[in-house]
Amino acid sequence: MKEFHIDVTVHFFAFNELSEADVRLIEQAKAMTYTSYSPYSHFSVGAALLLSDGQVFKGSNQENAVFPVGLCAERVAFFAASANAPDVAPVALAIAARNADGFVSQPVTPCGSCRQALLEAEMRFGQSVRVLLYGTEGVYIVPSMRALLPLTFDGSELL
Ligand code: THU
C-alpha cells in the first residue's frame, strides 16, 4: 500500500489586510446578496467573478418552488460570464452570504457542483481562479478551484 497527500494552502486574512482590488471584489459579492431570490432557504448568497480583462460578472442564488431548479450564486455569475465573454479567462471569484443574523461570521465555501463548473474553466484557460470567501471574522483565500476539488473528474478520459 502506498499513500500520497494532497496539500491545500488557505490564507486567512483580516479584512484590513486585503488588497484594494480584493476588497472591491468582495464588496461586490456582498452587495449581490441583496439581489438573491431565496424565499425557501432564507440564505442569501452573492458572487462576483473577475475576468482577466477586468470585467466583473455578478450573481446571486436564485431559488424555485421546484427546489432543484434553483441555482447557486457562483454558477449564476460564472454562466453569465461564460455566455457574455466566452473567450476571457476568469481569474478571481468572491463569495459572500447572509442569513437571518446578517453576514455569516465564517466564510461560506462553494458547493461541489460550482467547484466542478469553475474548475473546467480553470482547465480550459490554463489559468487559476483565486477564491475569496468572505466572513465577518475574516476572509479565506484559496489559490485555485483545483485546490478546492482535488481528485477531480476532468473529462480527460471521455472519448
Ligand atoms: N448557495 C449558493 O448560492 N452558494 C453556495 O456556495 C452555497 C449555497 C445557495 C443555494 C441555495 O439557494 C441556498 O444557498 C441554500 O443552500
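1. Which atom of the ligand does a backbone N or O atom of Thr109 lie 3.4 Å from? The partner is an oxygen atom of the ligand. Taken alone, the ligand exposes 370 Å², and the protein buries 75% of that. Bear in mind while reading on that this is a predicted model.

2. Two other polar pairs are worth a look in your viewer. Ala73 also uses its backbone here, with an N or O atom 2.9 Å from an oxygen atom of the ligand. With Glu74 the side chain does the work: one of its polar atoms sits 2.5 Å from a ligand oxygen.

3. Now for the shell as a whole. Around the ligand you'll find Ser41, Phe43, Val45, Asn61, Glu63, Cys72, Ala73, Glu74, Val108, Thr109, Pro110 and Cys111. Sorted by class, that shell comes out as seven nonpolar, three polar and two charged residues. Glu63 and Glu74 are the charged pair, because Glu is classed as charged.

4. Where does the ligand sit? The space it takes up is the largest pocket. That pocket has a volume of about 210 Å³.

5. On to the pocket walls. The lining of the largest pocket runs to 17 residues, and those nearest its centre are Ser41, Asn61, Glu63, Leu71 and Cys72. By class, the lining splits into eight nonpolar, six polar and three charged residues. Of the central residues, Ser41, Asn61, Glu63 and Cys72 also belong to the set around the ligand.

Key. Residues numbered from 1 in each chain as written. Predicted model: local features only at pLDDT ≥ 70, side-chain atom pairs only at ≥ 80, totals over all residues. Heavy atoms only, no water. Near = heavy atom within 4 Å. Polar contact = N/O pair within 3.5 Å; in protein donor to acceptor, adjacent residues only side chain to side chain. Areas by Shrake-Rupley, 256 points an atom, 1.4 Å probe, with all protein chains shown as cover. 1 Å grid on protein atoms, 1.4 Å probe; cavity = no way out; pocket = protein on both sides within 12 Å on 5 of 7 lines; lining within 4 Å. Sits in = over half its atoms within 2 Å of the grid points. Points joined across faces, edges and corners; volume = space filled by probe spheres on them.
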